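Welcome! Please keep the sequence and the 3D view open, and try each exercise before you read its solution.

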Amino acid sequence: MAASVPELLPYAKIREDLFRPLSSGSSRYWITVFAALAVVVLGMAAWGIQVRDGMGVTGLNRPVFWGFYIVDFVFWIGISHAGTLISAILRLTDAAWRKPVTRAAEAITVFCLMIGGMFPIIHLGRSWLFFWLIPYPNPRMLWPNFRSPLLWDLVAILTYVTGSVIYLYLPLIPDMAQLAEHNVPWRRKLYRILSLGWTGSDREWHALERAMKLMACIILAVAVSVHTVVSWDFAMSIAPMWHSTIFGPYFVSGAIFSGIAALLLVLGILRRALGLELYLTKHHFDNLSKLLLLMSLLWFYFTFAEYQTVWYGNEPSEMAVFASRIRGLYAPYFWIMVVCNFVVPFVLLGIRKLRTISTAMISSVCVIIGMWLERYIIVVPTLGNPRMNTASGVYTATWIEFAITAATFAGMIVLYLLFSKLFPIIAVWEFKPHAVEED
Amino acid sequence: MYLIADFREQPKLEAAILALKAAGITADDMDVFSEEPVELRRGILDRPSRMSLVSVLGAIATGGLATVGLYAAQQSYRLVTGGMPIFSFWGTGVISYEATMLGAVLATFGWFLWESGLLRKRDKNIPVPTVLPGVMCLRVRCFDPHVTRARQILDSAGATDIARKEVA
C-alpha cells in the first residue's frame, strides 16, 4: 500500500483541517442536533409515563418479561466494542492505518456504554431504587445477590465505562493542550483544565505512551469479559436455546461485528460532514470492510454451530424455540437477520469490485439492523416458549418501548455530534507526517 | 539557570544530550519538549518507569479487597443453604475479576498522572519553551561554572536557536 495522501501534507495544514470543524458549524449540523434532541425528549417523556404508570404501559407480560429494553441493552453494549476493542487491537499491533480511526471508535464506546448502561435502570420499573444494586452496608442487613449475572453486569459495565473513558481521555490530552493555545476564551479555559497543564515534555510523552499501551492490554481483557458476562445473563439460566457454552464467544464476536459496522457508518458520515476525505481514505474503509467481512463469516459460523447442535439434539423444548425462530412467528426476523448479517456483507464486501465506501456503508447499516434483530431473536422467542409449553406467550412492544429505543439512537447522534464539535475526531498529534510507517 | 535550545533533527539532539551527559549534566536536568513523541535511542535519555508494576499491584489490591468484601458480605447474613457453601468463588469470581481489572485501570491512570508530573505542583519560575511544529526543544538546567560549556556543546551539536533563561 502506498503512503496515503495526508502523510504528504504539511503539519500546519493537517492541524488546520482537523481543528476547523470545532469552530465552524453549518445550519445542517444544528438542524440535525435539534431534530435528534426532539426524539430524545419524546423518549424521555415516554420513560416519564412508564415511571408514573408502571411497567404495565410496556408490552412486557407473563412469560416474556424481557423485551425491547434488554434487547437494546445487549445491542448497545455490543456496539460499544467498536472502539475500545478495535482501537486497542490496532494500537497493540501498531497498525499505522489506525490513526485516523481510533478516536472515533473510542468515542463510540463511551457513548454506547452510557446509553446501554441506562437500560437495566429503565427496565427496573422502579428506577429510583437502582442503588439497591450496589452492595453497601445497610440496616436491613440485605446484600444484592452476588451470584446473579445481573449484578456481574453492573460491575463489569462500571469497570468498562471507567476504563473506556480513561482510554478516550488519555490521547486527548496533547490535542487539548494545543487547542488551549488558540481558541475563544471559554474553550481555552475548558481545554486548559482538561489538559492538566500538558507541556509536551519527554517525561509526559513517555508516561502517556506507556499508559496507552498498558490501558490497551487491560481494556482488551475487560471488553471480552464484559460481553461474556452479558451473554451469561442468558446462558446461566437453563432456558431453551440460552443454556449454551458457546454463548460467550458468540456474543463477543457479534459485539465486535456490530461495533465495526457502527464504526464504518460513523466514519463514513464524519468523512462527508466534516470534509475529512483526505484523512479518512478508501484505504481505511477497505481495511475496515475486510474486518467486517471476516466478522460476518465468524458470526455465520457461530450461528450455524448453535442452531445445528440444537436441531441435531432434537430436544422438545429447544425445538419449540428453534421452530418459532426458523419457520414460526419470528421467522421473518430470523431470515432478515441472516440476509443483513451474512448475505449482504458477503456479496458487497466479498466481491472486490463491489467493495467501495458506499457499499461498506450499506453493509454497515444492514449489519446494525441485523444485529439488533439477532438480539431480539435471542431474547424474545426463548421467553415466549418456556420449558412448560402451556405457559407460552407472545410479546408485542408498545409505543413507549419504541419511543425509548428511538431516543437512544437519537441520543447517540446528539452525543456524537456534540463530541465532534468539542474535540478533534482524529488525534492530531498521532497524525503527523512520518516517513516509514505507512505500511 | 536554564538553557533552551531548538533542534530540527533528531540525531543532532541525541548528540547534544550525549555530550551534555559526558560534561556532567544528568538526565534529570534535561527535558525534551516536542509536539509529538520523540523516540530517542535507548541509553540517550531513558526514563525508567514503574507503571507496569503499579498497575499489577493496583490490580492485586482491589481484586483482593473485593474478594474479602464479598466474603464478609456473604457471611454477614447467614443464609440456610442446605449444606451448600455460602461463599463460592465460582459465583463471585466475575466480580473479583472485574474489580481486579478496575484496580489495574485506576492504578495505571493514577501513576500516569504522577509519573508525567501533571498532577504535581510545578515551580512557575521554571521556563516552559513554546514548541513550534517540527522543532524539538532541549531544556537544560545548569549552574554557572557549566553554562558556557553547555552552550558550546549545544552550539556545536547544531542547535538552531539557544536561549538563556534566568530563574527568578
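Helices and strands here are DSSP runs, helices having at least four residues and strands at least two, and they are numbered from the N terminus. Please bear in mind that this is a predicted model.

**Exercise 1. Two unusual spots in the backbone**

Task: Find where A:Pro63 and A:Met241 lie in chain A, and say what sets their backbone apart.

Solution:
- Step 1. Start with helix H2 (27-53) of chain A and go on to H3; A:Pro63 sits in the loop between these helices.
- Step 2. Look at the peptide bond that leads from A:Arg62 into A:Pro63: the bond is cis, and its omega is near 0°.
- Step 3. Now move along to the loop that joins helix H9 (202-235) and helix H10 (247-273) of chain A, where you will find A:Met241.
- Step 4. Check the phi of A:Met241, which is positive at about 65° although the residue is not a glycine.

**Exercise 2. The build of each chain**

Task: Work out how many helices and strands chain A has and how many chain B has, then judge how spread out or compact each chain is.

Solution:
- Step 1. Count in chain A: there are 15 helices and zero strands.
- Step 2. Compare chain A with the globule rule. Its radius of gyration is 23 Å, close to the 22 Å given by the rule for 439 residues, so chain A is as compact as a globular protein of that length.
- Step 3. Take the box along the principal axes: the C-alpha atoms of chain A fill roughly 70 × 60 × 40 Å.
- Step 4. Count in chain B: there are four helices and four strands. Along the sequence they follow the pattern β-α-β-α-α-β-α-β.
- Step 5. Apply the globule rule to chain B. The radius of gyration is 25 Å, well over the 15 Å given for 168 residues, so chain B is more spread out than a compact globule.
- Step 6. The matching box for the C-alpha atoms of chain B is roughly 85 × 35 × 30 Å.

**Exercise 3. Two partners of one helix**

Task: Describe how H15 of chain A packs against H3(A) and against H5(A).

Solution:
- Step 1. Recall the general idea: two packed helices are described by the angle between their axes and the distance between the axes.
- Step 2. Take helix H3 (residues 68-79) of chain A with helix H15 (residues 399-422) of chain A. Their angle is about 15° and their axes are 10 Å apart.
- Step 3. Angles under 35 degrees count as roughly parallel. H3(A) and H15(A) are therefore roughly parallel to each other.
- Step 4. List the residues that touch: A:Phe68, A:Asp72 and A:Trp76 on H3(A), with A:Glu401, A:Thr405 and A:Thr408 on H15(A). By class, this contact has two nonpolar, two polar and two charged residues.
- Step 5. Turn to helix H5 (residues 102-124) of chain A, which packs on H15(A) at about 150°, again with axes 10 Å apart.
- Step 6. Angles over 145 degrees count as roughly antiparallel, and H5(A) and H15(A) are therefore described in that way. Their crossing is right-handed.
- Step 7. Look at the residues that meet. Among them are A:Phe111 and A:Ile115 from H5(A), and A:Leu415 and A:Phe419 from H15(A). This contact holds 10 nonpolar and two polar residues, with no charged ones.

**Exercise 4. The sheet of chain B**

Task: Give the strand order of the sheet in chain B and place helices H1(B) and H4(B) against its strands.

Solution:
- Step 1. Follow the four strands across: the order is E2-E3-E1-E4, in an open sheet with antiparallel pairing.
- Step 2. Find the edges, E2 and strand E4 (161-165), each of which pairs on one side only.
- Step 3. Zoom in on strand E1 (residues 2-7) of chain B, which pairs with E4(B) over five bridges. Here B:Ala5 stands opposite B:Ile162.
- Step 4. Add helix H1 (residues 10-22) of chain B, lying across E1, E2 and strand E3 (136-141) and running at about 10° to E3(B).
- Step 5. Add helix H4 (residues 144-157) of chain B, which lies across E1, E3 and E4 at about 5° to E1(B).

**Exercise 5. Where the chains meet**

Task: Which element supplies the largest share of the side of chain B that touches chain A?

Solution:
- Step 1. Note the contact as a whole: 42 residues come from chain B and 39 from chain A.
- Step 2. Pick out elements of chain B that each give at least two residues, including strand E2 (30-33), helix H2 (51-76) and helix H3 (89-116).
- Step 3. H3(B) supplies the largest share, 16 residues.
- Step 4. Sort the chain B side by class: 23 nonpolar, 12 polar and seven charged residues.

Definitions and conventions. Residues numbered from 1 in each chain as written. Chains lettered and ligands numbered in written order. Predicted model: local features only at pLDDT ≥ 70, side-chain atom pairs only at ≥ 80, totals over all residues. Axes fitted to C-alpha atoms, helices over the stretch in contact; angles between N-to-C directions. Parallel < 35°, antiparallel > 145°, perpendicular 65-115°, else oblique. Contact = placed C-beta atoms within 7 Å. Nonpolar A, V, L, I, M, F, W, Y, C, P; charged D, E, K, R; others polar. Pairing = 2+ DSSP bridges. Rg over C-alpha atoms; globule rule 2.2 N^0.38 Å. Left-handed = near helix turned anticlockwise from the far one by under 90°.
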